[in-house]
Amino acid sequence: MERHAALEALPRGIRVVATIGAFDGVHRGHAALIARLVDAAAAARAEPVVVTFAPHPAAVLRGAAPALLCDPAERDARLAGLGVAHLVVEPFDADLADQTAEDFIGRLQAGRQLAAIVMTRGSAFGRGRGGTFDAMTALGSQSDFEVVEQPELRLAGGPVSSSRIRAAVAHGRLVEARRLLGRRPAVTGVVVHGDGRGRTLGFPTANLGFAAAVALPPDGIYAVRTTWSDGADADPTAWQRHADGVASLGVRPTFGVGGRVLEVHLLDIDEDLYDRQLRVAFVRRQRGERRFTSPAALIDAMHQDVVVARRLLSASSG
């Protein structure tokens, strides 16, 4: 898959079938739409193109981006794995927010043959979300491109959407989030230096730092699966190193630390992972965060947490 920094960087002279959206998380709804995109491109003898945005449009339009459902590098890798030939990451700013859908399509068509756009009935883009399914159908009849409809994917009584998945994760409904995502909810961060307290207690941990807000479940103790790379591979879906673990998410009330932290104790592995990226997939919540009366009481609880995590992870697939 070729990645382009703007529409103008997309090669000219090619025949294109495109879809446009945020594609946050590349969940099962996105996967169904991309499958339709790839099929439509093959039928039209065209190249399947995904156009997305950075930052997320909500960061400009509403002042804050939603929490990430997956790392951007993972998003790109998953789109490539689904058969996307070109990914355009269009810079989103106030000027782009004011651009009409018609002008946006004009930029996509410039020097290229646009065969089709793949959309759901509920999707829209451009100023005031004017680029609706019906509006693009009308434009396509004038500009010689087709609008291919992808039916909205619905599971468990509702549509599969990024906002629904974020809500499920935030409320600790990990089984629901996994069903909608098509994989376990996970976050990717850089292992940063902490205060070293975990090693002092006999449970060394990898503390994660994040460049942007990520979708995290409620505070507590979790059985997790982790992956990382020994090299410079930026694709989290291809990382070969892996370990089960116990994650603590919260403010560490026993020591009154205060800030919310995600730290992971890797089972049966103790090595220097500082400055590496670590992907943490949440398997099961074991208990809520608690304040213990002494470090000794906390250590006893941590030993039990490891026992529970091993049992949960040995009984869990994927």
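How much of the chain's accessible surface belongs to carbon and sulfur atoms? The share is 51% of about 14700 Å². Keep in mind that this is a predicted model.

**Figure 1. The whole chain, before zooming in on its parts.** The secondary structure comes to 10 helices and 14 strands. Along its principal axes, the C-alpha trace spans about 75 × 40 × 40 Å. Of the 318 residues, 48% are buried. If you take the contacts with a separation of 6 or more, 73% of them come from residues 24 or more positions apart. On the charge side, there are 37 positive and 35 negative side chains, and the centres of these two sets sit 7 Å apart.

**Figure 2. Tyrosine 222 meets phenylalanine 282 in an aromatic pair.** A search of the whole structure turns up four aromatic pairs. In this one, the ring centres are 5.3 Å apart and the planes make an angle of 75°, so it goes down as edge-to-face. Tyrosine 222 belongs to strand β11 (residues 220–228) and phenylalanine 282 to strand β14 (residues 277–287), so the pair ties together parts that are 60 residues apart in sequence. Both tyrosine 222 and phenylalanine 282 are buried.

**Figure 3. Four phenylalanines form one aromatic cluster.** The members to look for are Phe53, Phe92, Phe104 and Phe125.

**Figure 4. Strand β9 pairs with β14 and with β10.** Strand β9 covers residues 186–192, and five of its seven residues are buried, which leaves the strand mostly covered. With β14, the pairing is antiparallel and runs over five bridges; here glycine 189 stands opposite leucine 278. With strand β10 (residues 206–209), β9 also pairs in the antiparallel sense, over three bridges. In that pairing, look for valine 192 opposite asparagine 207.

**Figure 5. Glycine 288 sits in the loop between β14 and α10.** Helix α10, on the other side of this loop, takes in residues 295–314. Is glycine 288 buried or exposed? Neither label quite fits: glycine 288 is partly exposed, at a relative accessible area of 24%. Setting aside neighbours within four places in sequence, glycine 288 is in contact with Asp219 and Gly220. For a sense of scale, pick out glycine 106 as well: the C-alpha atoms of glycine 288 and glycine 106 are separated by 53 Å, and the two residues are 182 residues apart along the chain.

Technical notes:
Residues are numbered from 1 along each chain as its sequence is written. This is a predicted model: local features need pLDDT of at least 70, side-chain atom pairs count only at pLDDT 80 or more; totals for chains, interfaces and linings use all residues. Side-chain values use heavy atoms; hydrogens and water are left out. Rings of Phe, Tyr and Trp (its six-membered ring) pair if their centres lie within 6.5 Å; planes under 30 degrees apart count as stacked, over 60 as edge-to-face and the rest as tilted. Helices (H or I, at least four residues) and strands (E, at least two) are DSSP runs, numbered from the N terminus. Buried means under 20% relative accessible area, exposed over 50%, partly exposed in between (1.4 Å probe, protein chains only). Contact means heavy atoms within 4.5 Å. Two strands pair if DSSP finds at least two bridges between them. Accessible areas come from the Shrake-Rupley method with a 1.4 Å probe; for residues, only the protein chains shown count as cover. Lys and Arg count as positive and Asp and Glu as negative; His and the chain ends are not counted. The place of a charge is taken as NZ of Lys, CZ of Arg, CG of Asp or CD of Glu.
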